[in-house]
Amino acid sequence: MFTARRATAIALPAVLLFTLGGCALVDPSGDGEQLTGTAACALGHTWELNVDDLAEQIKNDLTNAGVTVDTVVASGSQTFDWSIEGHVAITSDYTITVKTVPAAEQVLTVEQTHSGSITGAAYINGEVAIPRKWDDSDFSVDTTADLSGEKVEEADLTITIPPTDFDDSVGLELTCNGKELTIHPRGSVITQTWARKD
C-alpha cells in the first residue's frame, strides 16, 4: 500500500530535515524510516575535533595526578565522517606537546603525534554508539621526549598522557545539539568535543 507516510518520504529530498529541538534524517534506504534523536543529530555529518579543549583536559588530568605541568598544547586536526548508515572514517593529523617541570631547572617535553586514518562502523542505540570492525592499520601514535635537551625513551617516561583516541573496545556515550557532538568512551578520562563542519 502506498501510504501517506511513504509518499512524504519520497517527496522529500534525502537531505537533512533539521531542527535543534527534534532533528530528523530521512533514511536513504528507501523504506521511509526516519532517524531521530541523537542518531539524527550525529549521523550524516563531518565533525572536527576541538584540539584546544583536548589539551585542557589533558592538562587537568596530569595536574590531578600530581604532575607539575607547565603547558599542554595541541595543534593540527582530526576529522570524523559519520555516514547515515553508521560508517565511520576518522582522519588524524594532530600533535600534543606537554611540558612539565619534574625538578628545579628541568623541563620534560613530551610530543605525541597522531596520524593516519581509521575506518569502521558505529551504530547508535539511544545515547550510546557501539563501534564495530575497527581498522586502525593506517593509524599511528608516535611519542618523543626530552629532558632539558636530552632524549628520553618512551619506556622511561614518568608521565602518561591519557588516551585521546577511541577504538571498538568500549561503548561511546554521546551528546549532540546539532552544532556540537561529544564522545566519551566508557571508562576514559577524556571526552572529545567535535564541531560540525558541514
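**Note on the predicted model: disulfide, strand pairing, salt bridges and aromatic rings**

1. The structure holds one disulfide, and since this is a predicted model, the geometry given here is that of the computed coordinates. The bond is formed by C41 and C176, whose sulfur atoms lie 2.2 Å apart. It links distant parts of the chain, given that C41 belongs to helix α2 (residues 37-42) and C176 to strand β10, with the two positions 135 residues apart in sequence. The torsion about the S-S bond is -75°, which makes the link of C41 and C176 left-handed. On the helix side, C41 has a relative accessible area of 2%, and because a value under 20% is taken as buried, C41 counts as buried.

2. As to the chain as a whole, three helices and 12 strands are assigned in the protein chain. Of its 198 residues, 38% are buried, while the area that the chain exposes comes to about 10,600 Å², with carbon and sulfur atoms supplying 50% of it. When contacts between residues at least 6 apart in sequence are taken together, 57% of them join residues that are at least 24 apart.

3. Strand β8 (residues 128-147) deserves separate attention, beginning with its pairing to strand β7 (residues 108-125), which is antiparallel and extends over 16 bridges. Within this pairing, S117 stands opposite D138 of β8. The hairpin of β7 and β8 has two residues between the strands, and there G126 adopts a positive phi near 70°.

4. The same strand β8 also pairs with strand β9 (residues 150-151), again in the antiparallel sense, through two bridges; in this pairing D146 has K151 of β9 as its bridge partner. The hairpin of β8 and β9 likewise has two residues between the strands, and S148 takes a positive phi near 50° in it. A further antiparallel pairing over two bridges connects β8 with strand β10 (residues 172-176), where V128 finds its bridge partner in E173.

5. Which residue does E153 meet in a salt bridge? The partner is K151, with the closest N and O atoms 4.0 Å apart, and K151 is also the residue named above as the bridge partner of D146. K151 is exposed, its relative accessible area being 70%, whereas E153, at 45%, is partly exposed. A reader who works with distance criteria may wish to note that the cut-off for a salt bridge is 4 Å. In total, the structure holds three salt bridges.

6. Another of these salt bridges joins the side chains of R186 and E173, at 3.5 Å from N to O. R186 lies in the loop between β11 (180-185) and β12 (192-196), whereas E173 is in strand β10, so the pair ties together parts that are 13 residues apart in sequence. Both ends are partly exposed, R186 with a relative accessible area of 45% and E173 with one of 34%. E173 therefore appears in two roles, as the bridge partner of V128 and as an end of this salt bridge, where it is partly exposed.

7. D198 and R196 also form a salt bridge, in which the closest N and O atoms are 3.8 Å apart. The accessibility of D198 is 47%, which is partly exposed, and R196 falls in the partly exposed class as well, with 28%.

8. The aromatic side chains form four pairs. Among them is the pair of F80 and W194, which is tilted, with the ring centres 5.3 Å apart and 55° between the planes. Because F80 lies in strand β5 (residues 69-82) and W194 in strand β12, this pair ties together parts of the chain that are 114 residues apart in sequence. Are these two rings buried or exposed? F80 is buried, having a relative accessible area of 1%, and W194 is buried too, with a value of 0%. Both belong to one aromatic cluster that is made up of F80, W82, W134, F166 and W194.

Terms used
Residues numbered from 1 in each chain as written. Predicted model: local features only at pLDDT ≥ 70, side-chain atom pairs only at ≥ 80, totals over all residues. Heavy atoms only, no water. Pairing = 2+ DSSP bridges. Helix = DSSP H or I, 4+ residues; strand = E, 2+ residues; numbered from the N terminus. Buried < 20%, exposed > 50% of the residue type's maximum accessible area, 1.4 Å probe, protein only. Contact = heavy atoms within 4.5 Å. Areas by Shrake-Rupley, 256 points an atom, 1.4 Å probe, with all protein chains shown as cover. Disulfide = S-S within 2.5 Å. Phe/Tyr/Trp six-rings, centres within 6.5 Å; stacked < 30°, edge-to-face > 60°.
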